[in-house]
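Please examine the model below. The questions that follow ask how its descriptive terms are justified.

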Amino acid sequence: MASALSVPLLSALLGGAVALVFLAGYLRRKRADIAHLPPSAAAAAPDLPKQVRPAGQNKKGGGHARVHHHHTPAADKEAAKKHHHLDVNTLRGHTDCVTALDFSTDACNLATVCADGVVRVFRIDDASSKSFKILKINLPAGAHPTAIAYSEGSSSVVVAAQALLGSSLYMYADVGAPPTGGNKQQGKLSPPEIKWDHKKIHGKESVLNLAAARATHGTGDGSTIVISCSEATDIKIWHGKSGKELGTVDTNQLKNNMADISPNGRFIAAAAFTADVKVWEIVYSKDSSVKEVNRVMQLKGHKSAVTSLCFTPDSEKIITASKDGTIRVWNINVRYHLDEDPKTLRVLPVPLHDSKGSTCLYEHMGISPDGKVLAVTSGSTLQWLCAETGVVLDTAEKAHEGAISGIAWAPRTIPNGGAPAFILGSCGDDKKVKLWLAPEVSST
């Protein structure tokens, strides 16, 4: 009887022992899980505010803080708003890419063209103003503007626009008088009329840029001469007021990059596909009309294509930038009719490089009215160089939120907070136009 009872009892004791072993193992695993919970999951820390000790960071600030959590879109936007110290103002109101801009000869107006098909003329009484009066001109339907230049004084502009059949030129007069009262953003005046226009001026090719200057050399009567540079190889010369075509020159260099006219209306120079820069002279008759346009010089020295160039304010020098990584300053005040060649005065290295160390290409170039500061662009970067030495005066790496499409210096000083200053305008794919102060140039 005793042995019969001992078997079930022994089985019960063994079963209880096994159950205790499993229970002990379960409790050990549970204890281990609790011990390894991450700090962010630990609810038992009511005295620790979340903003003081974020997840993944210990009391001493060690560990690997997740920096990307702090780079929110709002923070990035705030960082983008940080102003460069030369950034004076931003002219808003464009609804698409701004393709070109130009200051009037009195520097009181800044005209822009935009991919939305509108010409905007801003009245610049002070570069630091909080608001600007604007005159808007709607281009003909289907016209996509690519370039603009003031044509006659400060009240007329010539606009180049591309359409399906080719490029056209439109000259608008009386654009320099925005209203003095009423709506600041849009004048309630009759829109300026087209005084003259020309269709298919370069066949089906578009106009890369326009440049204008007053004919003050020789027997020139001070009329404005406008040049249009085709993306092919031809450049046309126009009388700004009448719209008369005065001549055509051809670079014969596969394709043009841009062209410029000297401030005195005497010379035209083109940056094209090859390393040489061709220079033409506009010859005026005794009655001030254009007699002929002759090729008179060729600037030889670069080893690769010239991407941009400009004349100095005295019309006696040309500054060129090339894919060969150099900037050259040329003296063109030579007796070319006696076969005297233009001279290279200085060869300067392009000081801007990309992240891989390659030399950047300068796409736009312009010199300040006093001839001291050379403004250049590459992509979204705007740079100011000393025109004499090539030393970098300042750089704005993200001058625009996208490529810079054009720059233009005001031809004379503009009030900036009341004080006169040389002002550079820039436009870009970001729908903005910016005004910049010229950096100071050391006198030593």
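The exchange below sets computed values against their definitions.

This is a predicted model, in which local features need pLDDT of at least 70, side-chain atom pairs count only at pLDDT 80 or more, and totals for chains, interfaces and linings use all residues. Residues are numbered from 1 along each chain as its sequence is written, and side-chain values use heavy atoms, with hydrogens and water left out.

Q: What makes a void in this structure a cavity, and how many of 30 Å³ or more are found?
A: A cavity is a set of points, on a 1 Å grid over the protein atoms alone, where a 1.4 Å probe fits but cannot get out. The search of the whole structure finds one of 30 Å³ or more. The volume of the largest cavity, taken as the space filled by probe spheres set on the points, is about 40 Å³.

Q: Why are certain residues said to line the largest cavity?
A: Lining residues have an atom within 4 Å of a point; therefore I319, I327, V329, L348, L374, L385, C386, A387 and G390 are listed as its lining.

Q: How is the lining of the largest cavity divided by polarity?
A: It comprises eight nonpolar residues, one polar and no charged. Gly counts as polar, so G390, a lining residue, is placed in the polar class.

Q: Why is strand β2 called mostly covered?
A: Buried means under 20% relative accessible area (1.4 Å probe, protein chains only). Five of the six residues of β2 (residues 98–103) are buried, so the strand is described as mostly covered.

Q: How do you know that β2 and β3 pair?
A: Two strands pair if DSSP finds at least two bridges between them. β2 and β3 (residues 109–114) have five bridges, in the antiparallel sense, so the criterion is met.

How values were computed
On a 1 Å grid over the protein atoms alone, a cavity is a set of points where a 1.4 Å probe fits but cannot get out, and a pocket is an open set with protein on both sides within 12 Å along at least five of seven lines; lining residues have an atom within 4 Å of a point. Buried means under 20% relative accessible area, exposed over 50%, partly exposed in between (1.4 Å probe, protein chains only). Helices (H or I, at least four residues) and strands (E, at least two) are DSSP runs, numbered from the N terminus.
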